Amino acid sequence: TMRGNGMRLLKLINDLLDMEKLAVGKLNFDMQVQKLMPLIEQNLHSIHAYAEQHRVRFVLASRADDVYVRVDGMRLQQVLSNFLSNAAKFSPEQSQINIAVSQRNNTVRVEVIDQGPGISAEFRSRIFQKFSQADSSDSRQKGGTGLGLAISKELIERMNGRIGFESVENHGACFYFELPIAKKQPAI
């Protein structure tokens with residue numbers, strides 16, 4: 001219990017520090033051209049235990065294997081972790097969460113599609129704001145700081161991408177981000 005509470009407190013402190021650094025423009029980015037799929041696969045592997053804890057499973061439903069993006073790999077992993085942990089937290093037990101990666105012209109889109117309660121109409125306009133949480137008792141019981149999506153939005157936008165969601169209340173949600181496709185760097 002103490003270890004779990006300590007980890008939650010550390011995550012809260014790190015989220016608050018990230019928000020402050022983003023607000024003052026002091027969060028450093030290590031932008032590099034890299035393949036997207038290994039970043040996604042690594043993230044799915046690292047969050048596997050969290051999925052098991054919530055009795056859900058992540059399924060990589062579609063891929064874009066030869067796509068390169070210019071991103072900070074660690075920051076992109078942070079966004080993916082936020083999306084995946086939210087999906088696991090709010091999905092019913094034994095459900096499947098799909099991760100879909102698709103190329104669209106000069107962009108790549110990564111979607112995390114859950115089977116949770118969806119986003120209420122009243123909450124949609126605030127979902128990417130700091131400290132935003134849905135007001136239902138179910139959402140409050142799930143925990144969290146309400147910072148994950150606000151941080152994710154800032155990170156994706158600073159990597160020249162776009163973030164959003166689609167949802168039908170009581171029928172799940174699809175959170176996504178889109179990034180410009182980069183040209184593969186020539187080998188040295």
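Axis here means a line fitted to C-alpha atoms, for helices over the stretch in contact, with angles running from 0 to 180 degrees between N-to-C directions. I'm working from a predicted model.

**Entry 1, α4 against α6.** I looked up how these two helices pack. Their axes come within 9 Å and cross at roughly 145°. I noted the crossing as left-handed. On the α4 side I listed R75, L76, Q78, V79, N82, F83 and N86, and they meet G148, L149, I151, S152, L155 and I156 of α6. Sorted by class, this contact has seven nonpolar, five polar and one charged residues.

**Entry 2, α6 alone.** Which residues of α6 are buried? In this helix, residues 148-158, I found G148, L149, A150, I151, S152, L155 and I156. After α6 comes N160, and I wrote down its positive phi, near 65°.

**Entry 3, the core.** Next I pulled up the largest nonpolar core, which has 44 residues. The residues with the most contacts inside it are I40, F58, L76, I99, V101, F175 and F177. Elements giving two or more residues to this core include α2 (36-46), β4 (96-104), β7 (173-182) and also α6. Which element gives the largest share? That is α4, with seven residues.

**Entry 4, F175.** I picked F175 from that most-contacts list and checked its neighbours. Leaving out residues up to four places away in sequence, F175 touches F83, V110, E111, V112, I119, I127, F128, L149, G164 and F165. Two of these turned up in my first entry: F83 in α4 and L149 in α6, both listed where the helices meet.

Note on methods. Residues numbered from 1 in each chain as written. Predicted model: local features only at pLDDT ≥ 70, side-chain atom pairs only at ≥ 80, totals over all residues. Heavy atoms only, no water. Buried < 20%, exposed > 50% of the residue type's maximum accessible area, 1.4 Å probe, protein only. Helix = DSSP H or I, 4+ residues; strand = E, 2+ residues; numbered from the N terminus. Core = buried A, V, L, I, M, F, W, Y, C linked by side-chain atoms within 4.5 Å. Contact = heavy atoms within 4.5 Å. Left-handed = near helix turned anticlockwise from the far one by under 90°. Nonpolar A, V, L, I, M, F, W, Y, C, P; charged D, E, K, R; others polar.
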